[in-house]
Amino acid sequence: MPTPCLDHQPVRRLTHRDLSACADLSEDRGWPREEHKWGLLLAAGKGYGVEDPEGRLVAACVVTEYGAWDRPDLAAIGMVLVAQRHARQGLGRRLMRHVVAAAGATPLTLHATPSGRPLYEELGFKATGRAEMVTGHFQQGGPAPQVFTRTANAEDLSTVVRFDTEVFGADRTHIVARLPAFADQLRVAEEDGRITGFTAAWPNEGTQVVGPLIARDTETAKALVASLAAHTDRPLRTDIDVRHEELLTWVKDRGLASTASNTVMTYGITELPGDWTRRFAPLTVAAG
């Protein structure tokens, strides 16, 4: 059966009611369904999609904005998907052009797969970095990082938000404030009563995704990862900025292996805001 022409199908906003359709679209392209992650992104961000004439979702993406609600400092694009039967027909390009136009003057960022990178370059995105995905069962061993960590509590949240804003370079309270409900674990590093880092582990298709991972230094980041691993029997998965070579080597020495690599790209800015030396891994590459 020939696929219908979608040239005149409008791009519309997605809502939480589209969650199952988004997960179906992920599955159609061979991705995990990731309903837990889709739920967060649709709640905290802006979803965009295109339906075929029969009302089936055939293309989608999510934009997560950071900063003031009326004038964001940065927006991250993620989960860009086109149904297999409509691949290579320009639908992804049309959706991305719509998103870029809707963003106006807001700088954009995304993590590009090797297959998606040519489209983003065509649209004017520039490569500014790279993140390496590592996955596996973490094996405790070797000298333990000498950093105190503990489970975060409700009183920590305001401090964590301020610390995150300083490091990330834009206010993402609407994301960080959702972590206690979204994640299985939320932990902080502390020295002399002062929070020096935090991280979360959240469930995704049989793994625990480590992210965000924000820390004063590499030893603090190591301690946070080790503390998460000590409280789960699931394999860990995270996307580490490749400039953090010491952390990457350390997690690989403890059982995690490289499974993918994404190019960090920006539009409207030459580099991401904030302090990359303390930003080790994102919550998810889909949200920057």
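# Exercises on a predicted model

M79 is buried, with a relative accessible area of 6%. The model is predicted. The exercises below start from this residue and move outward.

**Exercise 1. Place M79 and describe its backbone: in which strand is M79, and what is its phi?**

Step 1. Find the element. M79 sits in strand β4, residues 71-82.
Step 2. Read the backbone angle. Phi of M79 is near 55 degrees. This is a positive value in a residue other than glycine.
Step 3. Add the surroundings. Buried means under 20% relative accessible area. M79 has 6%, so M79 counts as buried.

**Exercise 2. Treat D192 likewise: is D192 buried or exposed?**

Step 1. Locate the residue. D192 belongs to the loop between β8 (185-191) and β9 (194-204).
Step 2. Check phi. For D192 the angle is near 50 degrees, positive in a residue other than glycine.
Step 3. Apply the cut-off. Exposed means over 50%. The relative accessible area of D192 is 79%, so D192 is exposed.

**Exercise 3. Classify T277, then find how far its C-alpha atom is from that of V167: what is the separation?**

Step 1. T277 is in the loop between β12 (257-267) and β13 (279-281).
Step 2. Its relative accessible area is 39%, so T277 is partly exposed.
Step 3. Along the chain, T277 and V167 are 110 residues apart. Their C-alpha atoms are separated by 8.7 Å.

**Exercise 4. Describe the peptide bond from G211 to P212: is it cis or trans?**

Step 1. Omega is near -5 degrees, and the bond is cis.
Step 2. P212 lies in strand β10, residues 207-215.

**Exercise 5. Analyse the packing of α1 and α2: at what angle do they pack?**

Step 1. Take the geometry. Helix α1 (residues 19-28) and helix α2 (residues 35-44) pack at about 130 degrees. Their axes are 10 Å apart.
Step 2. Name the arrangement. That angle makes α1 oblique to α2.
Step 3. Give the hand. The crossing of α1 and α2 is right-handed.
Step 4. List the contact. From α1 come L19, C22, A23 and S26; from α2 come E35, W38, G39 and L42.
Step 5. Sort these residues. The α1 and α2 contact has 5 nonpolar, 2 polar and 1 charged.
Step 6. Look at burial in α2. The buried residues are K37, W38, G39, L40, L41, L42 and A44. That is 7 of the 10 residues, so α2 is largely enclosed by the rest of the structure.

**Exercise 6. Repeat the analysis for α8 and α9: which residues meet?**

Step 1. The axes of α8 (residues 218-229) and α9 (residues 245-253) come within 10 Å. They cross at roughly 30 degrees.
Step 2. This makes α8 roughly parallel to α9.
Step 3. The crossing of α8 and α9 is right-handed.
Step 4. In α8, T218, E219, A221, K222, V225 and A226 take part; in α9 they meet E246, L247 and W250.
Step 5. The α8 and α9 contact divides into 5 nonpolar, 1 polar and 3 charged residues.

**Exercise 7. Step back to the whole chain: how many helices and strands are there?**

Step 1. The chain has 9 helices and 13 strands.
Step 2. Test the overall form. A compact globule of 288 residues would have a radius of gyration near 19 Å, and the chain agrees with 19 Å.
Step 3. Give the box. Along the principal axes, the C-alpha atoms fill roughly 60 × 35 × 30 Å.
Step 4. Add burial. Of the 288 residues, 53% are buried.
Step 5. Finish with contacts. Among those with a separation of 6 or more, 71% join residues 24 or more positions apart.

Conventions
Residues are numbered from 1 along each chain as its sequence is written. This is a predicted model: local features need pLDDT of at least 70, side-chain atom pairs count only at pLDDT 80 or more; totals for chains, interfaces and linings use all residues. Side-chain values use heavy atoms; hydrogens and water are left out. Axes are lines fitted to C-alpha atoms, for helices over the stretch in contact, and angles run from 0 to 180 degrees between N-to-C directions. Helices (H or I, at least four residues) and strands (E, at least two) are DSSP runs, numbered from the N terminus. Angles under 35 degrees count as roughly parallel, over 145 as roughly antiparallel, 65 to 115 as roughly perpendicular and the rest as oblique. A crossing is left-handed if the near helix is turned anticlockwise from the far one by less than a right angle, and right-handed if clockwise. Contact means heavy atoms within 4.5 Å. Ala, Val, Leu, Ile, Met, Phe, Trp, Tyr, Cys and Pro count as nonpolar, Asp, Glu, Lys and Arg as charged, and the others, Gly among them, as polar. The radius of gyration is taken over C-alpha atoms; the globule rule is 2.2 Å times the number of residues to the power 0.38. Buried means under 20% relative accessible area, exposed over 50%, partly exposed in between (1.4 Å probe, protein chains only).
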